[in-house]
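Subject: Structure handover

Hello,

Here is the structure for your files. My notes on it follow below.

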Amino acid sequence: MGLHIGGLVIDRNFQSNIKELEQILGKRIVFEQETTFKKASANDKEKDSIDLFFSDSGTLILMNIEQASTLFKAKGQQAVSFVIDEESMTFGIHYTRNGFLIRKIIEVEGEVVERKGEQLEFEESEKDKIELIYHLIEEVLDEHLWDIKPDTVCMRYQLEDIDKESKQEQEISIHPTIEFEDLEEFPTEKTTQQIINHQEEITKVKRPKKSILKKVIRGLGLEETDFNIIKKRKGE
């Protein structure tokens with residue numbers, strides 16, 4: 001039986017800012033009990049349970065594989081969600097910086113099935129995807145995953161749905177994630193955002209421009225041919 005874990009690592013210690021972490025996860029976090037890193041990193045974690053480890057400069061959240069396979073946004077921070085599943089030989093990362101998706105890689109049975117973004121500096125030297133994941137975790141957490149001692153204290157939390165009112169407040173504070181070709185400033189013209197997945201990329205679709213003439217015609221309840229006849233008569 002191989003390693004089967006997923007998680008999210010952020011380059012900020014959220015130990016005294018759990019409310020901000022709730023905004024990133026989109027869930028309410030309710031403390032359950034203390035545990036150890038050995039138990040936290042065990043396979044087959046329950047879907048609504050997460051374990052938190054805090055380094056001096058980062059936060060590691062160990063979670064269910066399904067949750068870890070999505071993208072998370074953290075305004076002003078680096079965040080990497082990762083999947084290590086040696087049973088199905090599936091490895092994946094979503095790497096965001098300040099809410100922007102920088103790199104995404106999904107590999108299944110040695111074949112890269114999805115790749116987005118520019119190649120990271122150390123990818124060339126880390127051909128093995130599991131080593132690439134370990135490298136990213138160490139870079140963001142400032143600590144190697146398996147250097148954490150088995151008896152290190154971690155915090156176990158339960159995830160609960162956020163009530164409607166709190167969710168609306170949370171959505172206002174979420175920093176949007178956009179596609180790679182739009183990493184510059186947001187465009188000034190109005191756009192419609194079509195959300196593919198709550199934690200996935202957002203595709204921006206421009207609204208088609210409608211002429212003032214057509215708006216006037218519709219406002220008067222006329223067909224365009226009728227409007228042209230009126231114009232012609234006035235010209236006479």
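The largest cavity holds about 30 Å³ of space. A cavity here is a set of points on a 1 Å grid over the protein atoms alone where a 1.4 Å probe fits but cannot get out; points are joined across faces, edges and corners, and the volume is the space filled by probe spheres set on them. The search covered the whole structure and found one cavity of 30 Å³ or more. Its lining, meaning residues with an atom within 4 Å of a point, consists of F91, G92, I93, I105, K129, L132 and I133. Two elements give two or more residues to this lining, β6 (90–97) and α4 (129–141). Helices (H or I, at least four residues) and strands (E, at least two) are DSSP runs, numbered from the N terminus.

This is a predicted model, with local features needing pLDDT of at least 70 and side-chain atom pairs counted only at pLDDT 80 or more, while totals for chains, interfaces and linings use all residues. Residues are numbered from 1 along each chain as its sequence is written, and side-chain values use heavy atoms, with hydrogens and water left out.

The largest nonpolar core (buried Ala, Val, Leu, Ile, Met, Phe, Trp, Tyr and Cys joined through side-chain atoms within 4.5 Å) has 30 residues, and L60, F82 and I84 have the most contacts inside it. Elements supplying at least two residues each include β1 (4–10), β4 (59–63) and β5 (78–85). The largest share, eight residues, comes from α4.

In helix α1 (residues 18–25), I18, L21, E22, I24 and L25 are buried, that is, under 20% relative accessible area with a 1.4 Å probe and protein chains only; over 50% is exposed, and in between is partly exposed. These residues are on the same side of α1 because they cover an arc of only 160° around the axis, taken from the directions from the helix axis to the C-beta atoms. G26, just after α1, has a positive phi of about 70°.

Strands β7 (residues 100–108) and β8 (residues 111–117) pair in the antiparallel sense over six bridges; pairing requires at least two DSSP bridges. They form a hairpin with two residues between them, and E109 in the turn has a positive phi of about 50°. V108 has E111 as its bridge partner in β8.

Two loop residues may be worth a look. M89, between β5 and β6, has a positive phi near 55° and is partly exposed at 38% relative accessibility. D142, between α4 and β9 (153–160), has a positive phi near 65° and is exposed at 60%.

Regards

Terms used. On a 1 Å grid over the protein atoms alone, a cavity is a set of points where a 1.4 Å probe fits but cannot get out, and a pocket is an open set with protein on both sides within 12 Å along at least five of seven lines; lining residues have an atom within 4 Å of a point.
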